[in-house]
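Please look through the sequence and the structure below before reading on. The report that follows describes how the helices meet and what part of the surface is nonpolar.

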Amino acid sequence: MNTYQKVIVCIIRSVSVGLLLYSVAGVMIALLIARAMWRFSLFGALPLMASGLFLFYLAVPLAKLITIGIREE
């Protein structure tokens, strides 16, 4: 794995962790403010959580795909 791939993996993983934290924070705020709406906020946050986990595990193959054709000199 070259330097470009490592940088792209770090960027993708930080975005995925950001998505996870954003969705968890949204559910927690809905729990604190409107207890009756926590189910709706959970259903709204599930796609963000799933995409965050999906991106986290696919960061290395995506980085390899993105850096095809870039040579480290």
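In which hand, left-handed or right-handed, does α1 pass α3? In this predicted model, the crossing of α1 past α3 is right-handed.

The two helix pairs described here are set out in the table.

| Helix pair | Angle between axes | Axis distance |
|---|---|---|
| α1 (residues 3–33) and α3 | roughly 130° | within 9 Å |
| α1 and α2 (residues 38–57) | about 170° | 8 Å |

With axes that cross at roughly 130°, α1 is therefore oblique to α3. On the α1 side of this contact stand Gln5, Ile8, Val9, Ile12 and Arg13, which meet Ala59, Val60, Leu62, Ala63, Lys64 and Ile66 of α3.

The angle of about 170° between α1 and α2 makes α1 roughly antiparallel to α2. Their contact draws on many residues, including Ile12, Arg13, Ser16, Leu20, Val24 and Leu31 of α1, together with Trp38, Leu42, Ala45, Met49, Leu53 and Phe56, which are among those from α2.

On the surface, Phe54, Leu58, Leu62, Leu65, Ile66 and Ile68 form a nonpolar patch of about 590 Å². Helix α3, spanning residues 59–66, supplies the largest share of this patch, with three residues. Ile66, which lies in α3, belongs to the patch and also takes part in the contact between α3 and α1.

Terms used
Residues numbered from 1 in each chain as written. Predicted model: local features only at pLDDT ≥ 70, side-chain atom pairs only at ≥ 80, totals over all residues. Heavy atoms only, no water. Patch = residues over 30% accessible without salt bridge, like charges linked within 9 Å, V, L, I, M, F, W, Y side chains within 5 Å. Areas by Shrake-Rupley, 256 points an atom, 1.4 Å probe, with all protein chains shown as cover. Salt bridge = Lys/Arg side-chain N within 4 Å of Asp/Glu carboxyl O. Helix = DSSP H or I, 4+ residues; strand = E, 2+ residues; numbered from the N terminus. Axes fitted to C-alpha atoms, helices over the stretch in contact; angles between N-to-C directions. Parallel < 35°, antiparallel > 145°, perpendicular 65-115°, else oblique. Left-handed = near helix turned anticlockwise from the far one by under 90°. Contact = heavy atoms within 4.5 Å.
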